[in-house]
Amino acid sequence: MSATATAEARTLLHELTGRAPAGVWSAPGRVNLIGEHTDYNDGFVFPFAIDARTVVALGARTDGRIRVVSTFDKTPVEVALADLDALFPGRRDEVVEWARYPLGVAWALLDGRDAATAGVDLAIASDVPVGAGLSSSAAIEEATASALDDVWGLGLDRIALAHAGRRAENEAVGAPTGIMDQMASVLGRADAGIFLDCRDFHADTIPLGFAAADLEVLVMDTRVAHAHSTGGYGERRAACERGAAILGVPALRDVRVDDLPRAQELMDDVTFRRVRHVVTENQRVIDTVRVLRGQGPRAIGALLDASHASMRDDFEISVPELDLAVETARAAGAIGARMTGGGFGGAAIALVDRERVGEVSAAVTSAFAAAGYAAPHLFTVQPSDGARRDA
Ligand code: GLA
């Protein structure tokens, strides 16, 4: 799926420098199977990396400058590595938005290190759809982090690369997101999900067994654009912090389903429903891993459905297009379905029998047409390997 992006990144770099790349790295987007808005609450998530990747082709420079160019915007952005500290986070508005991701990663990686490091030219191309909630941003961050870690000889492990990507996103871009997307992008494995504890970053690779069970993950991109640097995401995060403060715990991770009746007495209805989503979602992640291990992927449908209901009713981050996609897919025979990612738009996923993918897709497409919504973008994804050097 990433052959196009690889060719595009190589061509772009050649146009920029007149030379072939010194190396090519790539990192995937992700689908979150379950565990939404739990990561910044020190909780559990269960995403997998997908077979759509962002590719970085790199050329070496000797002048201590970094230049980035991408298929999003072919105008190169160039800055001295020594000036990155002056740029981020305070003067980030001076950098065009897409370039804050790769430059922010360079800034986060160099933090506290000698900035007299060799300069680089980076050409970026991507097969990960932007704005669909599939973490196109984490894919850029982790492809860039992998490339720079290698050429600068930093020797960082995967968890450190994920943290650098998150720091770029939080501070250089200004989106208050958690660690899930970057972890999925670096830790992904073919046919497996990453069961991650976002408190201590312990990660277990859990075989999903979708292919062996003749199941497909259908992504239903509503094409309702979302952005986490604005509005709703930050508000949800603040509500979770408020709930944890009222309950006197470091994070909502420390609240159990049994504690909810007491929590309800202590806070207003909206805060309580935000808390209830996170607390029950953490439990659903643990249950999904248990059910998957014990009974296999066909048995996780009800947990996916319950997760969607909780996001729609308690966390209130769904939109009518996502609800329609989920309900229609389920009515057409999906085993389970839920919105995935931060919400307020983006994509839903459905776990579907391979032979029913056509039927479910047709049902969703016609339901969208009947509702007067723009046509959704429907495609299947395969659980895939994380960030790596390709050439
Ligand atoms: C976005 C963020 C993640 C996570 C999800 C919601 O994808 O980047 O850190 O919070 O939303 O689960």
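**Exercise 1. Determine how many bridges join β3 to β5, and in which sense the two strands run.**

Solution. Strand β3 covers residues 65–70, and five bridges join it to β5 in a parallel arrangement. Helices (H or I, at least four residues) and strands (E, at least two) are DSSP runs, numbered from the N terminus. Two strands pair if DSSP finds at least two bridges between them. One bridge can be located by residue: Val69 has Ala123 of β5 as its bridge partner.

The model is predicted, so local features need pLDDT of at least 70 and side-chain atom pairs count only at pLDDT 80 or more, while totals for chains, interfaces and linings use all residues. Residues are numbered from 1 along each chain as its sequence is written, and side-chain values use heavy atoms, with hydrogens and water left out.

**Exercise 2. Find which strand pairs with β5 in the antiparallel sense, and state whether the residues of β5 are buried or exposed.**

Solution. Step one: strand β2 (residues 44–60) pairs with β5 in the antiparallel sense over seven bridges. Gly59 has Asp121 of β5 as its bridge partner.

Step two: β5 spans residues 120–126, and seven of its seven residues are buried, so the strand is largely enclosed by the rest of the structure. Buried means under 20% relative accessible area, exposed over 50%, and partly exposed in between (1.4 Å probe, protein chains only).

Step three: Val120, Leu122, Ile124 and Ser126 point one way from β5, Asp121, Ala123 and Ala125 point the other way, and all are buried.

**Exercise 3. Place Thr17 relative to Gly59 and list its contacts beyond four places in sequence.**

Solution. Thr17 belongs to helix α1 (residues 3–17). Thr17 and Gly59 are 42 residues apart in sequence, but 7.5 Å apart in space, C-alpha to C-alpha. With neighbours within four places in sequence left aside, Thr17 is in contact (heavy atoms within 4.5 Å) with Arg67 and Asp121. A polar atom of the Thr17 side chain lies 3.1 Å from the backbone nitrogen of Arg19.

**Exercise 4. Give the strand order of the open four-stranded sheet and explain why β9 and β11 each have a side without a neighbour.**

Solution. The order is β9-β10-β8-β11, with antiparallel pairing. β9 (336–339) and β11 (377–381) stand at the edges with a single partner strand each, so one side of each has no neighbour in the sheet. Neighbouring strands are turned by 20 degrees against each other on average, direction ignored. Such axes are lines fitted to C-alpha atoms, for helices over the stretch in contact, and angles run from 0 to 180 degrees between N-to-C directions.

Next, go through the pairs. Four bridges join β9 to β10 (residues 347–353), and Ala337 has Ala350 as its partner in β10. β8 and β10 pair over seven bridges, with Leu218 partnered by Ala350. Five bridges join β8 to β11, where Thr380 is the partner of Leu218.

Finally, consider cover. Seven of the seven residues of β8 are buried. Helix α11 (residues 320–331) lies across β8 (215–221), β9 and β10, at about 175 degrees to β9.

**Exercise 5. State which distances separate ligand oxygen atoms from polar atoms of His37, Asp39 and Gly178.**

Solution. For His37, a backbone N or O atom lies 2.7 Å from a ligand oxygen. For Asp39, the distance from a side-chain N or O atom is 2.5 Å. For Gly178, a polar backbone atom lies 2.8 Å from a ligand oxygen.

Terms used
Polar contact = N/O pair within 3.5 Å; in protein donor to acceptor, adjacent residues only side chain to side chain.
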